Amino acid sequence: VAFGKVFEASPKTIAAWIKTSRNIGDNVHIGTITGNMCRDMFGSSLYDADNVFSVEVTTNGNPKLEWRVSRTEKAVFTVKNVDVRTGRWLNVAFTVNAAAGEISCYVNGELAAKKTGISGKALADISFSKPVMIGSDYTDEEILALSFTPDFNGYIAQARVYSDILTAAEIKDIANGGKRGGTLGAVDFISGEKGDYYDYAGENAKDAFGWRSIDKEELAAKDG
């Protein structure tokens with residue numbers, strides 16, 4: 001699935017409610033939460049497109065933000081002190097601050113880690129020509145055939161993207177159930193409002209992208 005419109009500005013804050021199993025192995029790439037990453041093959045070479053970003057969970061359950069302005073101007077932040085394989089619902093958020101040269105990661109409204117000293121050029125604004133995906137990305141079929149899949153191995157309940165750098169207090173408010181306005185895109189699978197997103201997979205979307213609708217009591221539950 002994807003956000004229902006093409007973003008008109010560059011993301012500065014990305015937040016999502018996710019849940020992954022405790023039983024996923026350390027060497028398993030868990031998949032994309034949201035992003036427009038476009039991995040392609042040219043001969044035997046792997047090529048990543050420009051003007052893309054990806055919020056994902058990589059091996060060892062580590063959240064990761066990859067930001068690619070171009071082949072040479074890019075930033076990658078893997079949060080190695082966080083493991084989201086808890087079997088519980090977690091709110092994971094990243095902020096991108098080009099002026100300060102920083103990427104910050106929050107879990108359940110608390111600052112988990114920060115990467116500093118990044119070139120402002122590497123965190124420059126990116127532009128979009130197609131919708132940002134949720135639960136997968138635009139990886140080419142040739143790469144999928146090599147057993148790499150961006151599809152998220154878990155559940156995604158909400159995804160919210162802002163053109164502003166939210167403060168720590170604002171991120172905590174979102175983690176506590178607040179719904180701050182001014183989003184570039186906001187999808188709430190709890191409400192089941194189809195108009196919020198584009199369903200690429202039709203009736204098979206839940207199976208293809210690993211999400212399902214849940215009620216608010218389940219979202220608030222400590223254990224899944």
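Lysine 114 is partly exposed, with a relative accessible area of 44%; here buried means under 20% relative accessible area, exposed over 50% and partly exposed in between, using a 1.4 Å probe and protein chains only. Its salt-bridge partner is glutamate 102, with the closest N and O atoms 3.7 Å apart. (A salt bridge is a side-chain nitrogen of Lys or Arg within 4 Å of a carboxyl oxygen of Asp or Glu.) This pair links distant parts of the chain: glutamate 102 sits in strand 10 (residues 102-107) and lysine 114 in strand 11 (residues 110-115), 12 residues apart. Glutamate 102 is partly exposed too, at 21% relative accessibility. Strands (E, at least two residues) and helices (H or I, at least four) are DSSP runs, numbered from the N terminus.

A word on ground rules. This is a predicted model, so to speak with filters: local features need pLDDT of at least 70 and side-chain atom pairs count only at pLDDT 80 or more, while totals for chains, interfaces and linings use all residues. Residues are numbered from 1 along each chain as its sequence is written, and side-chain values use heavy atoms, leaving out hydrogens and water.

The whole structure holds nine salt bridges, among them these three:

| Pair | Closest N to O |
|---|---|
| Glutamate 102 and lysine 114 | 3.7 Å |
| Lysine 64 and glutamate 66 | 3.9 Å |
| Arginine 85 and aspartate 83 | 2.8 Å |

Arginine 85 is buried, at 14% relative accessible area, whereas aspartate 83 counts as partly exposed at 37%. Salt bridges also tie Asp26, Asp83 and Arg85 into a network.

Now for strand 7 (residues 63-68), where six of six residues are buried. Both faces are covered, with Pro63, Leu65 and Trp67 on one side and Lys64, Glu66 and Arg68 on the other. That second side holds the salt-bridged lysine 64 and glutamate 66, both buried.

Strand 7 has a partner on either count: strand 6 (residues 52-57) runs antiparallel to strand 7 and is joined to it by six bridges, and strand 8 (residues 74-78) pairs with it in the antiparallel sense over five. Strands pair if DSSP finds at least two bridges between them. Serine 54 stands opposite glutamate 66, while arginine 68 has lysine 74 in strand 8 as its bridge partner. Strands 6 and 7 make a hairpin with five residues between them, and asparagine 60 in that turn has a positive phi of about 65 degrees. Strands 7 and 8 form a hairpin as well, with five residues between them.

On to the rings. There are five aromatic pairs; rings of Phe, Tyr and Trp (its six-membered ring) pair if their centres lie within 6.5 Å, and planes under 30 degrees apart count as stacked, over 60 as edge-to-face and the rest as tilted. Phenylalanine 3 and phenylalanine 7 have ring centres 5.2 Å apart and planes at 55 degrees, so that pair is tilted. Both are buried. Phenylalanine 77 and phenylalanine 94 have centres 6.5 Å apart and planes at 80 degrees, so they meet edge-to-face. That contact links strand 8 to strand 9, with the two residues 17 apart. Phenylalanine 77 is buried at 8%, and phenylalanine 94 is buried at 0%. Ring pairs also link Phe3, Phe7, Phe53, Trp67 and Phe128 into a cluster.
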